[in-house]
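Please look through the structure shown below before reading on. The report that follows takes up a few of its parts in turn.

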Amino acid sequence: MNQSSPLHATFRTPEKGLFISFEGAEGSGKSTQIQKLKEHFDSLSRSCIVLREPGGTSFGEKLRAAILNQETKLHAMAETFVFLASRAQLLEEKILPHLALGGVVLLDRYVDSTLVYQALARGESIEKIWTLHQFAPLNILPHRTFYLDISLEVSLERQLKRGQNKDYFESQSNDFQAKLLKGYRTLAGLYPERIKTISGAQSVEDVFRDILQELPHL
Ligand code: Z5A
């Protein structure tokens with residue numbers, strides 16, 4: 001979706017609060033940085049909640065378990081509708097009410113995950129995914145998205161170190177994982193105002209310093 005697309009007008013950022021999403025490949029350090037940012041807002045006595053996708057509501061957590069435990073390959077559209085159902089409920093139940101009170105929402109994965117995993121990595125058009133998001137409450141964009149960029153080697157190394165059983169997405173081929181990284185870089189190039197790319201290969205402290213520099217003052 002570019003600025004000249006008729007779809008563009010249907011999307012908005014929240015009028016109140018601060019909505020930040022984090023994106024990246026497996027092991028890029030999203031959870032680590034979200035925790036640090038939460039501590040930062042806590043230290044400022046700013047009301048801040050941390051949520052994840054899929055999940056974050058009791059309905060969403062059931063969908064999360066269903067898709068991550070899935071063994072046979074799903075059609076990209078089947079995956080898409082699971083993520084959208086989880087997202088719509090999360091927006092309605094948690095994200096929008098907290099923003100309306102002026103709070104901060106830190107979200108581990110959002111629409112860009114669907115654009116990358118279900119569209120770009122699968123060879124589908126991103127326009128199709130945007131089209132599905134034009135209906136409320138899905139037509140909300142974050143004020144800022146941090147994309148933590150790591151190489152395939154770093155991603156695989158961190159996954160190996162963690163050494164747990166592989167879920168539905170972790171079991172995909174290295175070729176698929178390489179497409180994800182390419183997809184994220186493509187998206188970051190398309191939406192440079194919203195998506196800030198930060199090297200996730202740096203130390204935890206250096207990544208956090210870069211995030212603080214790009215934090216909107218809302
Ligand atoms: N998915 C989708 O397909 N479509 C969608 O629309 C949505 C999701 C919303 C959810 O996975 C899956 O759903 C995801 C995409 C798909 N699948 N994949 N892959 P998840 O929530 O279970 O997993 P994840 O989002 O990929 O999270 P993760 O693996 O836990 O990664 P992370 O949160 O980005 O990383 P971390 O836990 O902070 O760090 C990973 C390890 O690296 C850990 O041991 C850290 O101590 C270490 N680490 C972190 N930062 C550093 C630095 N800077 N240096 C060295 N080591 C570090």
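Two residues are said to be in contact if their C-beta atoms, placed from the backbone, lie within 7 Å. The model discussed here is predicted, and the description begins with a helix that is mostly covered.

Helix H4, which runs over residues 111-119, has nine of its nine residues buried. Among these buried residues are Val111, Asp112, Ser113 and Thr114, and also Tyr117 and Ala119. What covers the buried residues of H4 includes three strands, namely S1 (18-24), S4 (144-149) and S5 (195-199), together with the helices H3 (76-100), H5 (126-132) and H7 (174-190).

H4 also takes part in the surroundings of the ligand, where it supplies four residues, the largest share of the shell. This shell holds 25 residues, and the closest to the ligand are Gly29, Lys30, Ser31, Tyr117 and Phe169. Two or more residues of the shell come from each of helix H1 (30-43), H4, helix H6 (152-162) and helix H8 (204-213). By kind, the residues around the ligand are divided as follows.

| Kind of residue in the shell around the ligand | Number |
|---|---|
| nonpolar | six residues |
| polar | ten residues |
| charged | nine residues |

A second place to look is strand S3, residues 104-108, in which Leu106 lies. Is Leu106 buried or exposed? Leu106 counts as buried because 23 other C-beta atoms lie within 10 Å, and the cut-off for a buried residue is 20 or more. When neighbours within four places in sequence are left aside, Leu106 is in contact with Ile20, Ile34, Leu37, Lys38, Cys48 and Val50. The C-alpha atoms of Leu106 and Pro142 are separated by 9.6 Å, although these two residues are 36 residues apart along the chain.

The last part concerns a pair of helices. Two packed helices are described by the angle between their axes and the distance between the axes. For helix H2 (residues 58-68) and H3, the axes come within 9 Å and cross at roughly 160°. H2 is therefore roughly antiparallel to H3, since angles over 145 degrees are counted in that way. The crossing in which H2 passes H3 is left-handed. On the side of H2, the contact is made by Phe59, Gly60, Leu63, Arg64 and Ile67, while H3 contributes Glu79, Val82, Ala85, Ser86, Gln89 and Leu90. Taken by kind, the residues of this contact between H2 and H3 divide into six nonpolar, three polar and two charged.

Terms used. Residues are numbered from 1 along each chain as its sequence is written. This is a predicted model: local features need pLDDT of at least 70, side-chain atom pairs count only at pLDDT 80 or more; totals for chains, interfaces and linings use all residues. A residue is buried if 20 or more other C-beta atoms lie within 10 Å of its own, exposed if 12 or fewer, and partly exposed in between; C-beta atoms are placed from the backbone. A residue is near a molecule or strand if its C-beta atom, placed from the backbone, lies within 6 Å of it. Ala, Val, Leu, Ile, Met, Phe, Trp, Tyr, Cys and Pro count as nonpolar, Asp, Glu, Lys and Arg as charged, and the others, Gly among them, as polar. Axes are lines fitted to C-alpha atoms, for helices over the stretch in contact, and angles run from 0 to 180 degrees between N-to-C directions. Angles under 35 degrees count as roughly parallel, over 145 as roughly antiparallel, 65 to 115 as roughly perpendicular and the rest as oblique. A crossing is left-handed if the near helix is turned anticlockwise from the far one by less than a right angle, and right-handed if clockwise.
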